[in-house]
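The following exercises concern the fold, the helix packing and selected residues of one protein chain. Please work through each task before reading its solution.

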Amino acid sequence: MTPGRDTFEDAITRFRNRSIHTYVGHCLLFRSQILQGGEFGMQSGWDSATNEFIMEHLLRLDFLRRKITHNPQKIDIKTLEERARALDIKLPDEMNEKSPLGDEVARPAGREFDLPYRLDGSDPNIPLASAIDLRNVDARMFVTALDQHLVEATRLDSRFATYRITPRESLMLYASLAELWDMCASFGGDPNRLPIPNGVRPSEEPRGPEASPNRERAAQPAETATRGG
């Protein structure tokens, strides 16, 4: 078992719940896709096209969350669809399918197995937050929150079950998904972007950091006018 590092430090990487394994996999897929977007790492916020993509993927994560919830009592486990409709977002037809009730026969516990993803930074497809060059403060905040959501999913008590999670745990995941959704509403989209260019960082200056504008240079030692005498 390889422990996680950085924002994944508290992740449990070995458990038996197949549904949580699947959910974590979709979270990591989502993470890799948004980090590949060029608009996601510059200036502040992100453009409308990127925001719509992020919101659509959050809806799919929410749909998966409801699918893996064992809810025979039909407890209200909420849905991001309510927020999506408030913003006039068009939802795919399959999003409106109801979550299954979870009625099933008892069966023996499955075996534990490791996450097939390395969260220690050794997988180039899953870079640690500290290794990601994101100038965009809003984007870094979103990625950090997504990483925490992923870690939260691995720490549910239902990791000891073979399949499905409880309604209360489902609501815990919903709360952090809703937080990610609110970030999109607050910082995503062209109207929410601040057109502030980052320019060239001191570390990126071709002639070194000291060539950066407004940098005070150390005083040069005075040359001796004459020698001897």
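## Exercise 1. A serine in a helix

Ser 19 is found in helix α1 (helices are DSSP runs of H or I with at least four residues, strands are runs of E with at least two, and both are numbered from the N terminus). The model is a predicted one, in which local features need pLDDT of at least 70 and side-chain atom pairs count only at pLDDT 80 or more, while totals for chains, interfaces and linings use all residues. Residues are numbered from 1 along each chain as its sequence is written, and side-chain values use heavy atoms, with hydrogens and water left out.

**Task.** Determine whether Ser 19 is buried or exposed, and which residues Ser 19 is in contact with, leaving aside neighbours within four places in sequence.

**Solution.**
Step 1. The relative accessibility of Ser 19 is 2%, so the residue counts as buried (buried means under 20% relative accessible area, exposed over 50%, partly exposed in between, with a 1.4 Å probe and protein chains only).
Step 2. Beyond the neighbours within four places in sequence, Ser 19 is in contact with Ile 68, Tyr 163 and Arg 164 (contact means heavy atoms within 4.5 Å).
Step 3. For Ile 68, the separation from Ser 19 is 49 residues in sequence and 6.1 Å in space, C-alpha to C-alpha.
Step 4. For Arg 164, the backbone nitrogen is reached by the side chain of Ser 19 at 3.2 Å (a polar contact is a pair of N or O atoms within 3.5 Å; within protein, one must be able to donate a hydrogen and the other to accept it, and residues adjacent in sequence count only if both atoms are side-chain atoms).

## Exercise 2. A histidine in the same setting

**Task.** State where His 21 is placed and which backbone oxygen its side chain reaches.

**Solution.**
Step 1. His 21 has its place in helix α1.
Step 2. With a relative accessible area of 6%, His 21 is buried.
Step 3. The backbone oxygen of Phe 15 lies 3.0 Å from the side chain of His 21.
Step 4. Not counting residues up to four places away in sequence, His 21 touches Phe 15, Phe 113, Asp 114, Leu 115, Pro 116 and Tyr 117.

## Exercise 3. The helix contacts

**Task.** At what angle do the axes of α1 and α4 cross, and at what angle do α4 and α5 pack?

**Solution.**
Step 1. The axes of α1 and α4 cross at roughly 170° and come within 9 Å (axes are lines fitted to C-alpha atoms, for helices over the stretch in contact, and angles run from 0 to 180 degrees between N-to-C directions).
Step 2. α1 is therefore roughly antiparallel to α4 (angles under 35 degrees count as roughly parallel, over 145 as roughly antiparallel, 65 to 115 as roughly perpendicular and the rest as oblique).
Step 3. By class, the contact of α1 with α4 has 13 nonpolar, two polar and two charged residues (Ala, Val, Leu, Ile, Met, Phe, Trp, Tyr, Cys and Pro count as nonpolar, Asp, Glu, Lys and Arg as charged, and the others, Gly among them, as polar).
Step 4. α4 and helix α5 (residues 167–187) pack at an angle of about 170°, and their axes are 10 Å apart.
Step 5. α4 and α5 are therefore roughly antiparallel to each other.
Step 6. Among the residues that make this contact are Phe 142 and Leu 146 of α4 and Leu 173 and Leu 177 of α5.
Step 7. The contact of α4 with α5 comprises 12 nonpolar, two polar and two charged residues.

## Exercise 4. The aromatic pairs

**Task.** How many aromatic pairs does the structure hold, and which residues form one aromatic cluster?

**Solution.**
Step 1. There are two aromatic pairs in the structure (rings of Phe, Tyr and Trp, the last by its six-membered ring, pair if their centres lie within 6.5 Å; planes under 30 degrees apart count as stacked, over 60 as edge-to-face and the rest as tilted).
Step 2. Phe 30 and Phe 142 form an edge-to-face pair, with 6.3 Å centre to centre and 90° between the planes.
Step 3. This pair links distant parts of the chain, since Phe 30 in helix α1 (residues 18–35) and Phe 142 in helix α4 (residues 137–154) are 112 residues apart.
Step 4. The ring centres of Trp 46 and Phe 142 are 5.7 Å apart and the planes are at 70°, so this pair is edge-to-face.
Step 5. Trp 46 lies in the loop between α1 and α2 (48–67), 96 residues from Phe 142.
Step 6. Phe 30 and Phe 142 are both buried, and Trp 46 is buried.
Step 7. Phe 30, Trp 46 and Phe 142 form one aromatic cluster.
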